[in-house]
Amino acid sequence: MPRSSTTTLPLIEPVVPQRLERPFDDPAWMFEPKYDGFRGLLYVTRRDCHFRFKRGNVLRRFEDLCHWVREELPVKEAILDGEVVALDPEGRQDFRALLEGRGNLHYAAFDALWVNGRDLRALPLTRRKRVLQRVVQATSTALSQVFTMEGRGCDMLRAAERLDLEGIVAKRTTDPYGPDTVWYKIRNQTYTQAEGRWELFRRP
């Protein structure tokens, strides 16, 4: 099992959702809002705390958020999966502000992969969610647990549209976390922050 060069924790490849065009209802699946930010695995030990992103790189620009989050966690070490977002004064996600270093940084966690020496990846999603609920005990300025709804993907997408969120993610409740795990992302076609998105990444 490969190890991180800066911690004693294993390096984990994040599950990347596949695109799906239409929402669906199924009691065997769990649905979550898709947050619009930087996907990041949070690594926490007694000596270190950092976010690793999709390609495995560490973004030091979020060090302050990482340490704020660590103060909220009642564990000695952990690996959580989630999204780093920027919130405006009304608590809404603002991707442009995140890129420009504005807004209130926040980590929305949706999975617990490792806690206090225990590798949770082989457990079904529902059990990992219960562990996450114990780890993220309350919503704070820096940290929260992503809301989930079982079986009702169509209702979840309608809610995402009303709240102007990027979309939703579908996950099978019995699946472990690994390279063969399949998640689906369903876009909100009316998402306002999708307009001009590529222009945000262009360099002068």
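1. A polar contact of 3.3 Å links the side chain of His-50 to that of Arg-52. This is a predicted model, and the points below should be read as such. His-50 sits in strand S4, which spans residues 49-52. A second polar contact, 2.6 Å long, runs from the side chain of His-50 to the side chain of Asp-48. Is His-50 buried or exposed? His-50 has a relative accessible area of 2%. That is under 20%, so His-50 counts as buried.

2. Arg-52 has another partner worth checking on screen. Arg-52 lies over the face of Tyr-43. The distance to the ring centre is 6.0 Å. The side chain of Arg-52 thus appears twice in this note: in the polar contact with His-50 and over the ring of Tyr-43.

3. Look next at Asp-36. Asp-36 belongs to the loop between strand S2 (25-34) and strand S3 (38-44). Its relative accessible area is 4%, so Asp-36 is buried. Which side chain does the side chain of Asp-36 contact? The partner is the side chain of Tyr-191, in a polar contact of 2.5 Å.

4. Aromatic residues deserve a point of their own. The structure has 11 aromatic pairs. One of them joins Phe-38 and Phe-95. The geometry is edge-to-face, with 6.0 Å from centre to centre and 85° between the planes. This pair links distant parts of the chain. Phe-38 is in strand S3, Phe-95 is in helix H2 (residues 95-100), and 57 residues separate them. Both Phe-38 and Phe-95 are buried.

5. The Phe-38 and Phe-95 rings also belong to a cluster. Which residues form this aromatic cluster with Phe-38 and Phe-95? The other members are Phe-51, Phe-53, Phe-62 and Tyr-107.

6. Tyr-177 and Trp-183 form an aromatic pair too. This pair is edge-to-face, at 5.7 Å centre to centre and 75° between the planes. Tyr-177 has a relative accessible area of 5%, so Tyr-177 is buried. Trp-183 counts as buried because its relative accessibility is 2%.

7. Trp-183 has a charged partner as well. The charged end of Lys-171 sits over the ring of Trp-183, at 3.9 Å from the ring centre. Lys-171 also figures in a backbone distance. Its C-alpha atom is 7.2 Å from that of Val-182, with the two residues 11 apart along the chain. Val-182 is in the loop between S10 and strand S11 (183-187). Its relative accessible area is 21%, so Val-182 is partly exposed.

8. Backbone angles call for a look at two residues. Most residues other than glycine have a negative phi. Asn-116 has a positive phi, near 50°. Asn-116 lies in the loop between strand S6 (104-115) and strand S7 (118-119). Asn-116 counts as partly exposed because its relative accessibility is 44%. Asp-164 also has a positive phi, near 55°. Asp-164 is in the loop between H4 and strand S10 (167-172). Its relative accessible area is 26%, so Asp-164 is partly exposed.

9. Now the second largest pocket. Its volume is about 390 Å³. It is lined by 22 residues, and those closest to its centre are Tyr-35, Gly-91, Gln-93, Leu-163 and Leu-165. Strand S5 (78-87) and helix H4 (153-162) are the elements that each give two or more residues to the lining. Which element gives the largest share? H4 does, with three residues. By class, the lining holds 11 nonpolar, seven polar and four charged residues.

10. One long-range approach remains. Met-149 is in strand S9 (residues 149-152). How far is Met-149 from Pro-33 in sequence and in space? They are 116 residues apart in sequence and 9.3 Å apart in space, C-alpha to C-alpha. Met-149 counts as buried because its relative accessibility is 17%, and the cut-off for buried is under 20%.

Notes
Residues numbered from 1 in each chain as written. Predicted model: local features only at pLDDT ≥ 70, side-chain atom pairs only at ≥ 80, totals over all residues. Heavy atoms only, no water. 1 Å grid on protein atoms, 1.4 Å probe; cavity = no way out; pocket = protein on both sides within 12 Å on 5 of 7 lines; lining within 4 Å. Points joined across faces, edges and corners; volume = space filled by probe spheres on them. Helix = DSSP H or I, 4+ residues; strand = E, 2+ residues; numbered from the N terminus. Nonpolar A, V, L, I, M, F, W, Y, C, P; charged D, E, K, R; others polar. Buried < 20%, exposed > 50% of the residue type's maximum accessible area, 1.4 Å probe, protein only. Polar contact = N/O pair within 3.5 Å; in protein donor to acceptor, adjacent residues only side chain to side chain. Phe/Tyr/Trp six-rings, centres within 6.5 Å; stacked < 30°, edge-to-face > 60°. Lys NZ or Arg CZ within 6 Å of the ring centre and 35° of its normal.
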